[in-house]
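User: Please go through the charged side chains of this model, then its nonpolar surface. Keep the cut-offs explicit.

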Amino acid sequence: MRNRIDIPEGLYGITGDNFANGKSNYQCVEEMIKGGIKIVQYRDKRKNSREKVEEAGAIRELCRKNNVLFIVNDDVAIAMLVDADGVHVGQEDMAAGNARAILGSDKIIGVSA
(Lines give C-alpha, C1' and ligand atoms only; values in the text may rest on other atoms or scores of the structure.)
Protein backbone atom coordinates (compact mmCIF):
# COMPACT_ATOMS: atom_id res chain seq x y z
CA MET A 1 0.00 0.00 0.00
CA ARG A 2 1.31 3.43 -0.94
CA ASN A 3 1.68 6.10 1.73
CA ARG A 4 0.25 9.48 0.87
CA ILE A 5 1.03 12.95 2.16
CA ASP A 6 -2.01 15.17 2.36
CA ILE A 7 -1.31 18.57 0.83
CA PRO A 8 -2.80 21.25 3.08
CA GLU A 9 -4.67 24.22 1.73
CA GLY A 10 -3.10 27.54 2.52
CA LEU A 11 0.02 29.56 1.96
CA TYR A 12 3.13 28.11 0.28
CA GLY A 13 6.35 29.99 0.99
CA ILE A 14 9.76 29.84 -0.64
CA THR A 15 12.97 30.92 1.09
CA GLY A 16 15.30 33.23 -0.79
CA ASP A 17 18.31 35.24 0.32
CA ASN A 18 17.48 37.96 -2.20
CA PHE A 19 14.25 38.72 -0.34
CA ALA A 20 15.29 38.08 3.27
CA ASN A 21 16.37 41.61 4.25
CA GLY A 22 19.46 40.26 6.02
CA LYS A 23 17.63 37.51 7.92
CA SER A 24 18.63 33.86 7.74
CA ASN A 25 16.42 31.34 5.97
CA TYR A 26 15.66 29.84 9.39
CA GLN A 27 14.49 33.20 10.74
CA CYS A 28 12.35 33.74 7.65
CA VAL A 29 10.72 30.33 8.07
CA GLU A 30 10.01 31.09 11.74
CA GLU A 31 8.17 34.22 10.61
CA MET A 32 6.39 32.34 7.82
CA ILE A 33 5.13 29.80 10.35
CA LYS A 34 3.91 32.55 12.68
CA GLY A 35 2.08 34.00 9.66
CA GLY A 36 0.25 30.75 8.98
CA ILE A 37 2.32 29.13 6.22
CA LYS A 38 1.41 25.50 5.46
CA ILE A 39 4.24 24.50 3.10
CA VAL A 40 7.84 25.76 2.95
CA GLN A 41 10.16 25.28 -0.01
CA TYR A 42 13.81 25.62 0.93
CA ARG A 43 15.69 27.40 -1.85
CA ASP A 44 19.25 28.61 -1.46
CA LYS A 45 21.55 29.22 -4.41
CA ARG A 46 24.48 30.69 -2.46
CA LYS A 47 25.53 28.20 0.22
CA ASN A 48 27.68 25.13 -0.30
CA SER A 49 26.18 21.65 0.12
CA ARG A 50 27.31 21.22 3.71
CA GLU A 51 25.82 24.56 4.76
CA LYS A 52 22.59 23.72 2.95
CA VAL A 53 22.30 20.34 4.70
CA GLU A 54 22.82 21.96 8.10
CA GLU A 55 20.34 24.76 7.46
CA ALA A 56 17.78 22.56 5.73
CA GLY A 57 17.97 20.05 8.56
CA ALA A 58 17.28 22.74 11.15
CA ILE A 59 14.41 24.15 9.10
CA ARG A 60 13.03 20.64 8.58
CA GLU A 61 12.86 20.14 12.35
CA LEU A 62 11.20 23.54 12.81
CA CYS A 63 8.62 22.63 10.17
CA ARG A 64 8.05 19.19 11.67
CA LYS A 65 7.41 20.70 15.13
CA ASN A 66 4.85 23.07 13.59
CA ASN A 67 3.12 20.59 11.28
CA VAL A 68 4.33 22.40 8.14
CA LEU A 69 5.34 20.48 5.02
CA PHE A 70 8.97 20.93 4.00
CA ILE A 71 10.12 20.77 0.37
CA VAL A 72 13.70 21.14 -0.88
CA ASN A 73 14.32 22.98 -4.14
CA ASP A 74 16.44 21.33 -6.87
CA ASP A 75 18.49 18.95 -4.72
CA VAL A 76 17.24 15.38 -4.26
CA ALA A 77 20.30 14.42 -2.19
CA ILE A 78 19.65 17.16 0.37
CA ALA A 79 15.96 16.29 0.46
CA MET A 80 16.91 12.69 1.22
CA LEU A 81 19.56 13.60 3.82
CA VAL A 82 17.22 15.81 5.85
CA ASP A 83 14.13 13.62 5.34
CA ALA A 84 12.19 16.40 3.63
CA ASP A 85 8.56 15.82 2.74
CA GLY A 86 9.53 16.24 -0.89
CA VAL A 87 11.56 17.94 -3.55
CA HIS A 88 10.85 20.39 -6.35
CA VAL A 89 12.86 19.84 -9.52
CA GLY A 90 13.21 22.29 -12.37
CA GLN A 91 13.50 21.62 -16.08
CA GLU A 92 17.29 21.37 -15.87
CA ASP A 93 17.43 19.33 -12.67
CA MET A 94 16.95 15.61 -12.14
CA ALA A 95 14.00 14.04 -13.95
CA ALA A 96 10.91 13.57 -11.79
CA GLY A 97 10.94 9.80 -12.35
CA ASN A 98 14.50 9.57 -11.09
CA ALA A 99 13.65 11.71 -8.05
CA ARG A 100 10.71 9.39 -7.32
CA ALA A 101 12.95 6.32 -7.61
CA ILE A 102 15.39 7.81 -5.09
CA LEU A 103 12.94 9.32 -2.60
CA GLY A 104 10.22 6.69 -2.77
CA SER A 105 6.48 6.80 -3.13
CA ASP A 106 5.78 8.58 0.14
CA LYS A 107 7.43 11.89 -0.82
CA ILE A 108 6.11 14.85 -2.79
CA ILE A 109 7.74 15.46 -6.18
CA GLY A 110 7.08 18.87 -7.69
CA VAL A 111 8.14 19.77 -11.21
CA SER A 112 8.43 23.12 -12.98
CA ALA A 113 6.22 23.17 -16.04
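Analyst: Buried means under 20% relative accessible area, exposed over 50%, and partly exposed in between (1.4 Å probe, protein chains only). This is a predicted model, in which local features need pLDDT of at least 70 and side-chain atom pairs count only at pLDDT 80 or more, while totals for chains, interfaces and linings use all residues. Residues are numbered from 1 along each chain as its sequence is written, and side-chain values use heavy atoms, with hydrogens and water left out.

User: Is K47 buried, partly exposed or exposed?
Analyst: The relative accessible area of K47 is 24%. Because that value falls in the range between the two cut-offs, K47 counts as partly exposed.

User: Which residue forms a salt bridge with K47?
Analyst: A salt bridge here is a side-chain nitrogen of Lys or Arg within 4 Å of a carboxyl oxygen of Asp or Glu. The partner is buried, with a relative accessible area of 12% for E55. The closest N and O atoms are 3.4 Å apart, and the residue that pairs with K47 is E55.

User: How far from K52 is the nearest side chain of opposite charge?
Analyst: K52 lies in helix α2 (residues 49-65); helices are DSSP runs of H or I with at least four residues, strands are runs of E with at least two, and both are numbered from the N terminus. Lys and Arg count as positive and Asp and Glu as negative, while His and the chain ends are not counted. K52 is buried yet has no salt bridge. The nearest side chain of opposite charge is D75, at 5.3 Å.

User: Which residue forms a salt bridge with R60?
Analyst: R60 and its partner are both buried. The closest N and O atoms are 3.4 Å apart, in a pair with D85. This pair links helix α2 to the loop between α3 (76-81) and β4, 25 residues apart, and the residue in that loop is D85.

User: Which residues are linked with K107 in a network of salt bridges?
Analyst: K107 and D83 meet at 2.6 Å, N to O. K107 is in the loop between α4 and β5 (108-111), and D83 is in the loop between α3 and β4. The network joins K107 to E61, R64 and D83.

User: What accessible area does the nonpolar patch have?
Analyst: Patch residues have over 30% relative accessible area and no salt bridge; like charges are joined within 9 Å, nonpolar side chains (Val, Leu, Ile, Met, Phe, Trp, Tyr) within 5 Å. Areas come from the Shrake-Rupley method with a 1.4 Å probe, and for residues only the protein chains shown count as cover. M94 is partly exposed at 31%. Together, M80, M94 and I102 have about 260 Å².
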